[in-house]
Amino acid sequence: MVIMERLKSPPPLMIVSDLDHTMVDHQDHENISLLRFNSLWEYAYRRDSLLVFSTARSPILYKELRKEKPLLTPDIIITSIGTEIAFGNSMVPDVTWVESLNSDQWNREIVLEETRKFPELTLQPKTEQRLHKLDVKIIYSWGKNLDVIPRGGGKGEALEYLLKKLNAKGIFPVNTLACGDSEHDAELFSIPNVHGVMVSNSQEELLKWHSENALNNSKVIHSSERCADGIIQAIDYFKLGPTLSPRDVTDFLSRKTDVANPGQEVVRFYLFYERLRRGEIKKHETYIDSFKESCHQGTVFYHPSGAEIPLRHTIDEMRKYHGDKKGKKFWVWVDQVLVVDTTPGEWIVKFDKWEQCEDERKCCTTTVEFTSKGGLVWEKVKQMWTKESEMIDDDDTSWII
C-alpha cells in the first residue's frame with residue numbers, strides 16, 4: 001500500500017468524510033471552511049494521520065469536483081457509494097475489494113431487467129454506471145437518486161474492509177472519525193468504536209435515521225457547524241487532536257513551528273503569501289524581513305521556468321505584490337506535505353503548491369530543503385509544473401514562488 005511509505009506507526013487519527021455537502025460546502029463560494037480544514041490537516045495531521053474520502057460520486061465525477069474545489073489529495077478514496085476503493089495520488093484500485101463484490105452473486109443484467117419494470121426510473125448518467133452499482137442493496141438519497149449495488153458493497157462495508165486491511169498491515173488507526181450529511185452516510189455511523197459527525201446541514205433523512213437507530217450512541221454527534229467546519233468541531237468535541245487552523249491565526253511572527261516538522265513552516269509561509277497578495281497584512285514589510293532572515297544567504301530558488309534566482313531576492317520581490325490580488329477570488333493552498341528526515345537536523349519537504357485566481361489554476365510540485373540552526377533555515381527551493389496545472393507558458397512571471 002502506498003501509504004505504508006509514509007506511516008511508521010498506527011495513525012493517531014483517520015478521517016473518513018463524504019464530499020458533497022460534508023467536506024465541500026457548495027454554498028460557500030469562497031471555500032472558507034474547506035480551506036480552513038486543508039491548512040489544519042497539512043499543518044497538524046498529514047505527517048502521521050490518514051485522510052479518506054468516501055463519496056457517492058464515480059471516479060470521473062470525483063475528478064471533476066477536484067477541478068472545481070480546492071480539495072486535498074486523500075490517502076484513500078472510496079467512490080461509487082462504497083463499491084470502489086483506491087489508494088494514493090495515482091488512485092491505485094483495490095483489486096481484492098473488487099473480487100469480493102464480484103463473488104457476491106452480483107448480476108448487473110438482472111438489475112437492469114428488474115428496474116426497467118418501473119417507468120418512473122431513469123438511468124443515471126453514463127459516467128455513473130459503474131461495474132458494481134443476486135443479492136442487492138438499494139440506496140435512496142437526496143429525494144431523487146436510487147442506487148442498486150451488491151449487498152456486500154456500501155460505504156459502511158467499504159470502511160469495515162479498509163479497517164481490517166489497515167489492521168493486517170499493523171497501522172490500525174487509534175481513532176476514526178466518520179463524517180456525513182445524507183442517508184447513504186448512515187452506514188458509516190454504525191461501525192463499532194468509530195466516532196461520527198452529522199454536519200449541521202445534514203438531510204432530514206439522516207437525522208431521522210439517527211433518531212431511530214443511534215440516538216443513544218454517544219460517539220455520534222450532530223454538529224452546530226456546516227460542512228468542514230462541522231468536522232473540525234467534531235475533532236474538538238471528541239478530543240481527537242489540534243483544532244486551531246493556521247488560517248485562524250493572524251500574527252505570523254509569534255507563531256511557533258515544530259522544528260521536527262518543517263512541513264508546518266511551509267503551511268505558514270504560503271498562508272502569509274496568500275494574505276500578502278490579498279492585501280490583508282498591514283505590517284507586511286516586517287513579516288517579509290522575518291522570512292528573509294530565515295533563508296540561508298546562498299539559498300537558490302529554482303523557478304518552474306528553469307530560472308535560478310537567489311531566494312532572498314525572490315522574498316524581496318514579494319514586497320511589490322502586496323495587495324495585487326485584493327478584491328479577487330485568490331487562494332493558495334498546499335497539498336500532500338511530506339517531510340523526509342535525511343540526516344539529524346536536515347529535512348526535505350515535498351508538496352504540491354496550488355494557486356488559484358478567479359477561474360485560473362496553477363500548481364507546482366515543490367521541494368524545500370531545511371536545516372536546523374537555532375531555528376528552521378531554508379536552504380533550497382525547487383519547483384516544477386504539475387500535469388494538473390493549467391499553466392502552459394513556462395515564462396509566465398505571475399508565478400512568484
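User: Are Phe 269 and Tyr 270 buried or exposed?

Analyst: In this predicted model, Phe 269 is buried, and Tyr 270 is buried as well. A residue is called buried when its relative accessible area is under 20%, and both residues are placed in that class.

User: How many aromatic pairs does a search of the whole structure find, and what makes the pair of Phe 269 and Tyr 270 edge-to-face?

Analyst: The search returns 14 aromatic pairs. For Phe 269 and Tyr 270, the ring centres are 5.0 Å apart and the planes stand at 80°. Two rings pair if their centres lie within 6.5 Å, and planes over 60 degrees apart count as edge-to-face, so the 5.0 Å and 80° of Phe 269 and Tyr 270 satisfy both conditions.

User: Why is the pair of Tyr 270 and Phe 351 called edge-to-face?

Analyst: The ring centres of Tyr 270 and Phe 351 lie 6.0 Å apart, with the planes at 65°. Set against the limits of 6.5 Å for the centres and 60 degrees for the planes, these values qualify, and therefore the pair is edge-to-face. Because Tyr 270 belongs to helix H8 while Phe 351 belongs to strand S14, the pair ties together parts that are 81 residues apart in sequence. Like Tyr 270, Phe 351 is buried.

User: Which residues do ring pairs link into a cluster?

Analyst: The cluster joined by ring pairs consists of Phe 269, Tyr 270, Phe 272, Tyr 273, Tyr 287, Phe 291, Phe 351, Phe 370 and Trp 378.

User: Which residues touch the most other members of the largest nonpolar core?

Analyst: The largest nonpolar core has 36 residues, and within it Tyr 270, Phe 272 and Met 318 touch the most other members. At least two residues of this core come from each of helix H8 (263-277), helix H9 (284-293), helix H10 (311-317), and strands S11 (295-302), S13 (330-341), S14 (346-357), S15 (360-372) and S16 (376-385). With 8 residues, H8 gives the most to this core.

User: What does Tyr 270 touch, if residues up to four places away in sequence are not counted?

Analyst: With that exclusion, Tyr 270 touches Val 332, Val 334, Phe 351, Lys 353, Gln 383 and Ile 401. Apart from the largest core lies another core, of 30 residues, which includes Leu 50, Leu 159, Tyr 161 and Leu 162.

User: Which residues of helix H2 are buried, and how do you know whether they line one face of the helix?

Analyst: In helix H2, which spans residues 59-68, the buried residues are Pro 59, Tyr 62, Leu 65 and Arg 66. Seen down the helix axis, these buried residues fall within an arc of 110°, and so they line one face of H2. They pack against strands S2 (50-54), S3 (76-79) and S4 (84-87), and also against S13 and S15.

User: How many disulfides does the structure hold, and how do you know that Cys 363 and Cys 364 form no bond?

Analyst: The structure holds 0 disulfides. The cysteine sulfur closest to that of Cys 363 is in Cys 364, at 6.7 Å; a disulfide requires the two sulfur atoms to be within 2.5 Å, and therefore 6.7 Å is too far for a bond. Seen from the other side, Cys 364 is in no disulfide either, with the sulfur of Cys 363 as the nearest cysteine sulfur, 6.7 Å away.

User: Why do Cys 363 and Cys 364 count as buried?

Analyst: The relative accessibility of Cys 363 is 0%, and because this is under the 20% limit the residue counts as buried. Cys 364 also has 0% relative accessibility, so the same limit places Cys 364 in the buried class.

User: What sets Asn 31 and Asn 193 in their accessibility classes?

Analyst: Asn 31, found in the loop between S1 and H1, has a relative accessible area of 4% and is buried because that value is under 20%. Asn 193, in the loop between S8 and S9, reaches 65% relative accessibility and is therefore exposed, the cut-off being over 50%. Each has a positive phi in a residue other than glycine, near 55° for Asn 31 and near 65° for Asn 193.

Methods
Residues are numbered from 1 along each chain as its sequence is written. This is a predicted model: local features need pLDDT of at least 70, side-chain atom pairs count only at pLDDT 80 or more; totals for chains, interfaces and linings use all residues. Side-chain values use heavy atoms; hydrogens and water are left out. A nonpolar core is a set of buried Ala, Val, Leu, Ile, Met, Phe, Trp, Tyr and Cys residues joined through side-chain atoms within 4.5 Å. Buried means under 20% relative accessible area, exposed over 50%, partly exposed in between (1.4 Å probe, protein chains only). Helices (H or I, at least four residues) and strands (E, at least two) are DSSP runs, numbered from the N terminus. Contact means heavy atoms within 4.5 Å. The arc is that of the directions from the helix axis to the C-beta atoms. Rings of Phe, Tyr and Trp (its six-membered ring) pair if their centres lie within 6.5 Å; planes under 30 degrees apart count as stacked, over 60 as edge-to-face and the rest as tilted.
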